[in-house]
Each structure stands twice: as structure tokens, then as C-alpha cells.
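User: Hello! I would like to go through this structure with you and ask how some of the labels are earned.

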Amino acid sequence: MKLELPTKIKVRGARVHNLKNIDLDLPLHKYVAISGLSGSGKSSLAMGILYEEGSRRYLDALSTYMRRRIKQGRQVDVTSVKHIPSALALRQRPSVPNERATVGTMSETFNVLRLIYSRLGSPVCPNGHRLKPSLTIAEAMSRSDDEMGQLTCPVCGVRFMAFSAEDFAFNSAGACPKCGGTGKVRQLAEDKLIADENLSIKDGAVASWSLPGRNFMPNVAEHAGVRIDIPFKDLTAKEKDFVLNGPEQKYKMDFLSGTGRVFHDFNALYENAHQAVLRSAKTSKSERAQKRIAEFFVYSTCPICHGTKLKPELLTQLVNGKNIAETADLQLGDLPAFIKETAQTLPENMHTMAHALLQELSENLQPLLDLGLDYLTMARNGNTLSTGELQRIQLARTLRTETTGVLYVLDEPSIGLHPANVAGLIKILHRLVAQGNSLVVVDHNVDIIAAADEIIEIGPGSGEAGGRIIAQGTPGEIAKNPNSLIAPYLNGTAALMARKPAQAINDDAINFTVQNYFNLANVSAKIPLHQLTAVTGFSGAGKTSLILDSLVPGILAQAKGKRLPKQVRQLLSPIKSVISVDASPVGKSTRSTVATYTSIMDNLRQLFARQPLAKQQHYTPAWFSYNNKQGACPTCGGTGTVTLDIQFLPDMEQVCPTCHGQRYNREIQQVKWHDLSIVDVLNLDVNEALPIFKHSPKIARDLRLLKEVGLSYLHLGEDTPTLSGGEAQRLKLVKHLSRQQDQSLFVFDEPTIGLHPLDVKVLVQVMQKLLDQGATIVVITHDLNLIANADFMLDLGPRGGKNGGRIVAAGRPADLIKSMPAASLTSRYLAEYEQKFSNHTK
């Protein structure tokens with residue numbers, strides 16, 4: 001009897017977050033796209049069930065010993081999941097690499113390059129004679145005995161050890177002795193030790209004495225004879241020298257602690273302003289403290305390795321006339337030419353071996369090039385990469401592993417991707433499936449959804465109004481499905497415009513010039529005031545450098561009367577404040593809710609504290625906070641859940657058995673307003689709460705604003721960390737909609753991450769409300785729906801890296817579509833996109 005292999009993953013009774021006990025069959029060995037509004041339950045299905053169950057099943061196959069040492073996910077709220085492969089996920093927000101990681105190490109291209117330099121390089125003997133690349137050198141480097149790497153100079157006959165692949169690793173044997181392989185050295189900034197010489201030491205003139213554990217240092221200095229109640233600038237040279245460089249010494253003195261306790265004959269150890277920083281840097285463990293300490297240092301290029309991270313002697317070995325640092329500094333897009341030239345420079349008897357190594361490098365490079373990362377270099381530090389760049393490097397490396405039988409779950413792989421690179425991403429996704437894997441992609445990009453074998457649509461709404469399967473089928477079937485929300489964007493019947501863009505560009509503008517900053521040589525730009533500007537262009541074109549690194553800090557510096565960043569040569573702007581809005585989660589714990597993030601909670605606590613029973617029991621507003629022990633449930637401490645530590649198994653989180661998830665103790669729940677306890681109120685959604693609080697102006701105002709930004713379905717007590725990116729973004733804007741914003745610049749960096757095209761419309765409508773309040777808005781985006789709704793478009797390019805850094809188009813999107821500047825790829829793709837919806841753009 002022939003055994004039939006399963007063809008579908010069978011999910012039964014999925015109840016994670018807002019999923020409504022759904023049953024679902026997903027095809028195996030296919031490319032499946034999950035679509036739906038922000039907050040509809042897409043990520044709950046993809047990451048919360050498919051990835052969590054797929055990874056847990058794999059971990060369950062390991063020994064108990066191994067499982068105890070691996071962080072495991074929590075138990076998934078689902079009845080059953082059958083036929084699910086082991087799962088790997090590429091998350092929407094990858095973790096930021098450490099300072100040692102580079103594009104080369106993360107993509108593993110530098111590993112291959114190190115091997116190429118050890119086998120195909122031309123070393124130099126101790127007497128300065130250069131050896132030509134040869135099979136003899138390659139064979140010596142490949143040996144595993146005592147003779148490994150031993151070479152004899154054909155000129156002077158000296159015997160020496162050549163550099164191995166490991167020697168070229170800046171994270172181990174090849175690290176520069178001065179900087180330890182980071183390429184930078186840290187030096188104490190003398191000018192940062194004194195915060196303000198017009199202040200007295202008593203009032204905080206010595207900045208480094210405000211570090212943790214140093215707040216008593218002014219008293220020690222006073223005990224040593226330094227005057228601490230006059231301006232620092234008026235101290236004698238001797239007093240200043242003692243503050244900055246005085247000897248480490250103990251002084252017996254009476255010491256008054258911050259709690260008011262007096263210590264008699266306390267042996268206080270004096271640390272001068274320098275020592276306070278240096279010792280803090282060595283002993284402080286917390287991330288917050290280290291961040292504060294870092295402000296006292298300046299980082300400069302290492303004077304020994306000049307930023308290459310490697311021992312200088314390693315740079316004597318060449319391949320095709322370049323040392324390894326020079327090759328690592330080439331843009332990835334230039335490496336294919338370097339590979340071809342290298343092969344031509346080698347003797348014929350090395351061609352077979354060289355081909356294998358160079359082919360390995362080419363195959364490592366190709367996915368990176370397909371994903372539009374040709375402007376990066378191997379030497380680029382990983383912690384300077386954007387979220388989209390990090391995710392695409394992960395994806396390229398995943399493809400190179402050539403695994404089979406794996407379920408890949410990708411969350412928003414199109415982040416930061418220019419429309420011109422979407423085809424390359426789709427090619428990569430199809431290759432993953434062709435290798436025998438199953439693929440689930442959560443994305444909002446219409447082209448990525450349309451390229452799938454099958455689409456699953458979650459909805460119909462967000463939050464409680466979502467969590468159901470509203471459509472499933474091939475792209476062709478979904479395009480004809482009347483229940484589908486994505487169908488109009490697949491079949492071209494959607495209306496793109498959510499607002500009416502300005503007919504003319506405002507002459508009043510922010511004008512600024514940026515010089516010699518990364519690939520921005522001499523760029524002058526203008527941002528029209530009180531209008532919506534879309535800053536567009538390829539990844540690496542210079543958008544972040546122009547706006548986030550130059551314009552934003554420039555305006556902030558100007559507002560504080562400080563010097564402009566050195567790359568900003570000119571800035572003419574009436575803007576006084578900058579508000580950066582992103583889609584990162586609101587709050588880090590379940591204690592943060594919609595009510596606490598707005599002013600609703602503060603007003604509710606005051607309201608309930610005024611009720612008769614509260615006054616009788618002497619309950620103050622503090623008692624109505626679940627973050628205080630007076631009001632919190634004694635079992636869960638106000639979180640509403642308890643975590644059970646089960647040995648050998650993942651921790652299990654359950655609803656608190658005492659308060660049943662309500663967070664408050666019984667006594668507080670007895671206090672009623674209009675027959676509602678504070679728990680009853682927090683269980684209301686915004687729509688339900690509006691008529692109830694119509695006579696409470698402060699609460700009603702916040703409720704109306706929440707409704708205006710499209711969040712009327714959220715419950716007041718809903719945990720903010722569980723909100724989707726789009727929901728978090730709109731929630732952050734609520735507090736800015738109630739006042740005039742004439743002198744405010746709002747900056748959005750990739751605001752449509754995780755947003756369905758219909759969500760983008762809602763976001764544009766919220767932006768219009770800000771514009772109505774007088775705001776000026778800049779969005780850095782690749783989203784064609786958002787670009788089409790902008791008043792002004794600033795397109796950088798024409799490509800990324802050295803091929804970018806110029807403004808290739810500036811004007812109204814509607815005008816640029818007609819004039820089609822030759823170098824503006826964004827204008828071309830926008831024109832094609834609008835043509836698709838030409839009959840439905842109004």
C-alpha cells in the first residue's frame with residue numbers, strides 16, 4: 001500500500017489574540033500570502049501559530065538537556081496543528097547586530113573573501129619580496145600538518161609563514177591590536193566633563209559627577225578645599241585642576257545621604273571628573289547607564305588600522321592588485337567585475353581551483369544583488385543598516401543554506417524595498433519554494449501578494465472585528481471575490497486617492513544644504529511648509545542621511561541655539577519642534593494600555609476617587625491604578641496574568657485565577673460610577689465609551705480623537721504592546737491632534753510597514769488632520785499609494801550608494817508622472833501604478 005504524503009497544514013481551533021477559533025488548511029510546498037487590515041490577525045496566524053508551533057515541534061524533538069538551554073516560545077492557544085514542518089521566521093524587526101558585525105560577516109561573503117586571499121593572494125616575504133599567486137602557495141595553505149602555510153621566497157630563499165584565512169578575520173586572529181578589530185578608538189571628550197562653567201559645582205557644573213554613585217563628589221571636593229558655591233569659571237586654576245585631575249584619595253567626613261541619613265566619619269573616596277567617567281565605564285552593567293556614559297566619549301578612526309579593523313601587515317597581501325580591506329570597501333555591485341578580472345590575472349594551472357572559490361563568492365553575492373543591496377559594501381557595519389536591509393541579508397543567507405522541507409514565515413519582507421526591487425524579491429521567494437520548502441508571507445505589497453500561489457485573507461476588520469477567514473484561493477480567484485478587501489487592488493478597481501493633493505507647491509519652505517555626508521556631496525533641498533512631502537528613492541540613495549541624519553538634528557540644534565551638524569551647511573526654517581513617528585510598539589509591558597498611553601486613565605482615576613464610597617474609604621486617585629499595590633490584584637500584581645514555570649517545558653501564561661484578568665482587587669471594584677466599576681469602563685471599546693462619557697469633556701476629547709484616527713474598535717484596557725504597527729502609529733498621533741502645529745515638523749520613516757492599502761488611506765486621512773492643524777509632514781517611503789497622495793515628491797537617486805546621493809526629481813507627483821524625469825525610477829513606477837488604476841483614482 002502506497003503511503004500518501006500530506007499536502008496541507010491543518011490548523012483547527014486557532015484562538016491566538018483576536019483569531020475567532022478558526023479552522024484552516026494551508027498548502028505545503030507552496031507560496032502562501034496572508035493579507036488583511038492592520039490588526040486583523042495576520043501576524044497572529046503566521047507568527048503566533050504557524051511559526052510558534054513549527055519551531056516548538058522541532059525543539060520537542062531535542063533532548064530535555066538541550067531544551068532547558070534554549071529559550072522556548074509559550075504554548076499556543078490552538079486545538080490542533082497537523083503536518084507542520086519545522087519553521088524558521090524572518091521577523092518584521094530583526095535584532096540590531098553588535099558593533100563587530102558587518103555586511104560581509106552577516107552575509108558570509110567575507111568568509112569566502114578571506115579564503116580567496118589566503119589561497120589566491122600574492123604574499124610578501126619578510127625581506128619585502130612579493131610572491132606571485134601560484135598553485136604552490138594554494139597547496140601550502142591547504143595542508144593540515146606542520147608545514148601548513150610554510151613558504152620559501154624564490155628571491156632570497158627565506159622561509160616564512162603565509163597568512164591563513166583565519167588570519168584575515170578581524171574578530172579573531174587578524175584584529176588590529178589597537179582597536180581590537182572595531183576600527184574605532186574611544187577617547188574621553190574633555191569638553192563634555194564640564195556641563196556649564198557658568199554653574200557652580202553645587203548646581204551641577206561637573207557633568208561626570210552626575211553619573212550613578214558620584215552624586216556626593218561635590219561634598220568631597222568641598223571637604224578638600226574647593227569652593228562649590230561659585231561659578232566654575234571663577235575657580236582658581238588650582239581648584240579646577242583638582243576637580244579635573246585631582247589624586248584619588250580617601251577623606252574622612254560626615255556624609256548626608258539622599259534619604260536624609262547622616263554617616264559620621266565616612267571614608268569617602270575622591271574621584272576626579274575624568275576618573276568618574278572611566279571607572280563608571282568599567283563597572284556599570286546596565287544598558288541605560290552605559291548609554292549615559294557613552295555621551296562623555298568621542299569615537300574616532302583607529303590611528304593604526306585606519307578603520308580597516310585588521311593588523312596592518314595583513315594589507316600587504318594582494319589579490320588583483322587590491323588588499324582585502326580595499327576589496328571589502330567595494331560596492332557589492334562592483335564585485336562581479338572584480339571576480340572576473342581576478343580570474344584573468346591568475347596562471348592557467350590555478351583556474352580550476354580559483355573558479356570554485358570565485359564561483360562560491362558569486363553565488364553568495366547573487367541573492368544580495370537580486371534584493372537590491374548592490375550599493376552596500378562588505379565593510380559596512382551591521383548596526384548602521386536599516387530594518388529592511390537587515391531582513392534582506394537574512395533572506396539572502398537563508399537562500400544560500402539550500403534547506404528543504406522547512407516552513408519559512410516572512411513578516412513584511414518588502415520593508416524598505418523600492419518598487420524596482422520587488423521583482424528580485426519575488427524571484428527569491430519562488431526559489432525558496434523550488435528548493436522544496438513551504439512559504440508563508442505576510443505583506444501589504446500588492447505585487448508580492450499577486451505573485452503567491454494562494455492568498456489567505458483575514459478580516460473583515462481590525463481587533464475584535466477581525467480574526468476570521470474572509471477569503472482564500474488563488475490570486476485570480478481572490479480578484480473576483482466580492483468579500484475580499486484586497487481584490488480591488490488586484491483587479492485595478494481601487495480608488496487610490498484618500499485626500500486631494502495641493503494644486504500648487506507652497507513657496508514658504510524649509511531650505512537646507514547638506515555637504516560631504518556619505519553619498520550626499522552637495523545637496524540643496526526644500527520642504528514646503530504645511531504640506532505633505534514624500535521623500536523617495538532606492539535603498540541607499542541618501543534619504544535617511546538627508547532627513548533623519550541632517551534635517552531633523554539640524555532643526556533640533558537650531559531650536560536650542562546650538563551649532564548645526566557639521567554636514568548641514570545651511571538651514572533656513574521657522575520650525576521649532578520635530579515629532580518623529582514610527583510603527584514600533586507602544587510600551588514594553590502589558591501594564592501599558594490604550595487608557596494609560598492617553599490621558600484617559602489619569603482622568604478615570606480622578607473621576608472614581610470622587611465617588612462617595614471612595615471618599616468614605618479615603619481612596620485617592622493612586623488607589624485606582626493597577627500599578628500600585630493599593631489597587632492591584634494581590635495575586636498577579638496588576639498584570640491580569642500569572643506565569644507558571646513548568647520544569648523542562650516552556651513557561652505557561654494563564655489568566656489570573658483571583659481577578660480573572662481584571663487586574664484590580666475586589667475592594668476597588670466595589671466603587672461605582674453610573675453603576676460601572678473601573679474594570680467595566682476599561683472593558684469598553686471607544687465606540688461604547690463615547691456616549692457614556694459625553695459629559696466628561698477631558699475623557700470625551702481623547703475618545704473622539706481615537707475614533708478620528710480609526711481606532712474606535714480598541715478597548716480602553718487593551719495592552720498596547722499587542723497592537724499592530726499601524727495601530728501603534730496612529731495611537732502615537734492622538735496626542736498631537738488636539739492643538740495647533742504651525743511650527744511642528746512630523747517625520748514618518750516607512751510609515752506603511754504592515755499596513756494594508758486601505759490602512760494607508762486611513763493613515764493619509766490622519767495626516768490630513770495634522771495638516772489642517774498647520775503641521776508640515778515629511779514621509780520617507782517606497783509605498784506608491786502614499787506617494788500618490790503627497791503634495792510634493794523629493795526623489796533621490798538614481799540608484800543607491802555611489803550611484804545615488806542626488807535629487808533626481810522634485811515636484812508634485814502628478815506633474816512628475818507627466819514630465820517623467822529620466823533619472824527618476826520612482827516617477828516611472830508611480831506612473832505605471834496610477835495607470836493601472838487610471839479610471840478609479842478619484
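User: What makes the pair R214 and E271 a polar contact between side chains?

Analyst: Happy to help, and please keep in mind that this is a predicted model. The side chains of R214 and E271 are joined at 2.8 Å. A polar contact needs N or O atoms within 3.5 Å, one able to donate a hydrogen and the other to accept it, so a pair at this distance qualifies.

User: Which residue does the side chain of R214 join at 3.1 Å?

Analyst: That one is S280, again through a polar contact between side chains. Both E271 and S280 also appear among the residues in contact with R214 beyond four places in sequence, along with S208, W209, A276 and R279.

User: Why is R214 called buried?

Analyst: Its relative accessible area is 10%. Buried means under 20%, so R214 earns the label. As for its place, R214 is in the loop between β8 (184-188) and α6 (217-223).

User: Now to the cavities. How many of 30 Å³ or more are counted?

Analyst: The count comes to one. About 30 Å³ of space lies in the largest cavity, and its lining consists of Y489, A495, L496, P757, V760, K761, N785 and N789.

User: Which helix gives the most to that lining?

Analyst: Helix α27 (residues 757-772) does, with three residues.

User: What is the make-up of the lining of the largest cavity by class?

Analyst: There are five nonpolar, two polar and one charged residues. Lys counts as charged, so K761 is the charged one in the lining.

How values were computed:
Residues numbered from 1 in each chain as written. Predicted model: local features only at pLDDT ≥ 70, side-chain atom pairs only at ≥ 80, totals over all residues. Heavy atoms only, no water. Helix = DSSP H or I, 4+ residues; strand = E, 2+ residues; numbered from the N terminus. Buried < 20%, exposed > 50% of the residue type's maximum accessible area, 1.4 Å probe, protein only. Contact = heavy atoms within 4.5 Å. 1 Å grid on protein atoms, 1.4 Å probe; cavity = no way out; pocket = protein on both sides within 12 Å on 5 of 7 lines; lining within 4 Å. Points joined across faces, edges and corners; volume = space filled by probe spheres on them.
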